[in-house]
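Thanks for asking me to look this one over. Here are my notes, point by point, to read alongside the model.

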Amino acid sequence: MIVRIMGEGQVRLDDNHLTELNKLDDELLAEVQGGDEAGFRRTLTALLDAVHRLGAPLPDDALEPSGLILPSADATLAEVRDMLDDEGLIPG
């Protein structure tokens, strides 16, 4: 799967890592819904760090269809709330 992090670029990530990312996504969803700014910031950072740790960055000149789009590290709680659906940022 290709993951786009807004403002950064794309990362190739094996689908077998989605379970780990979904756990963080569930936490993020709860924190956004509860208005927990500190928890939101911590979990968003952990989610993006996990994508960087588990994935391989694509070259800057590569442009492939993204299966998943994640907010940038400096996104606000309100911006992420607008991106969420009932499943969070990561479907499944």
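1. Let's begin with helix H2, bearing in mind that this is a predicted model. H2 runs over residues 37-54, which makes 18 residues. From first C-alpha to last, H2 reaches 26 Å, close to the 26 Å expected at 1.5 Å a residue.

2. Which residues of H2 are buried? They are Gly39, Phe40, Thr43, Leu44, Leu47, Leu48, Ala50 and Val51. These residues cover an arc of only 155 degrees around the axis, so they lie on the same side of H2. It helps to remember that an α-helix has 3.6 residues a turn, so residues three or four places apart point the same way.

3. Turn the helix round and you will find Ala38, Arg42 and Arg53, exposed residues on the face of H2 turned away from its buried side. The start of H2 also deserves a look: there, a side-chain oxygen of Asp36 comes to within 3.4 Å of the backbone nitrogen of Ala38.

4. What covers the buried residues of H2? The cover includes two helices, H1 (18-34) and H3 (77-83). It also includes strands E1 (2-5), E2 (9-12) and E4 (68-70).

5. Now for the sheet. It is an open sheet of 4 strands in the order E3-E2-E1-E4, and its pairing is mixed. E3 and E4 stand at the edges with a single partner strand each, so one side of each has no neighbour in the sheet. H2 packs on this sheet, where it touches E1, E2 and E4. The direction of H2 makes about 135 degrees with that of E1.

6. Going through the pairings, E1 and E2 are antiparallel and share 4 bridges. Within this pair, Val3 has Val11 of E2 as its bridge partner. The hairpin of E1 and E2 has 3 residues between the strands, and Gly7 in this hairpin takes a positive phi near 80 degrees.

7. How many bridges join E2 to E3? There are 2, and the strands run antiparallel, with E3 made up of residues 56-57. You can check both ends of this pairing by eye: Arg12 stands opposite Ala56, and Val11 stands opposite Pro57. Val11 is thus worth displaying with Val3 as well, its bridge partner in E1 and E2's pairing.

8. On to E4, which is joined to E1 by 3 bridges and runs parallel to it. Here the bridge partner of Arg4 is Ile69 in E4.

9. Last, two glutamates of helix H1. Is Glu31, which sits in H1, buried or exposed? Its relative accessibility is 11%, so Glu31 counts as buried, the cut-off being under 20%. Beyond its neighbours within four places in sequence, Glu31 is in contact with Asp36, Gly39, Phe40, Arg42, Thr43 and Leu77. Among these, Gly39, Phe40 and Thr43 are on the list of buried residues in H2, while Arg42 is one of the exposed residues on the face turned away.

10. Glu27 also has its place in H1, but Glu27 is partly exposed, with a relative accessible area of 40%. Glu27 and Glu8 are 19 residues apart in sequence, and their C-alpha atoms are 23 Å apart in space.

Methods
Residues are numbered from 1 along each chain as its sequence is written. This is a predicted model: local features need pLDDT of at least 70, side-chain atom pairs count only at pLDDT 80 or more; totals for chains, interfaces and linings use all residues. Side-chain values use heavy atoms; hydrogens and water are left out. The expected span of a helix is 1.5 Å times one less than its number of residues. Buried means under 20% relative accessible area, exposed over 50%, partly exposed in between (1.4 Å probe, protein chains only). The arc is that of the directions from the helix axis to the C-beta atoms. Contact means heavy atoms within 4.5 Å. A polar contact is a pair of N or O atoms within 3.5 Å; within protein, one must be able to donate a hydrogen and the other to accept it, and residues adjacent in sequence count only if both atoms are side-chain atoms. Two strands pair if DSSP finds at least two bridges between them. Axes are lines fitted to C-alpha atoms, for helices over the stretch in contact, and angles run from 0 to 180 degrees between N-to-C directions.
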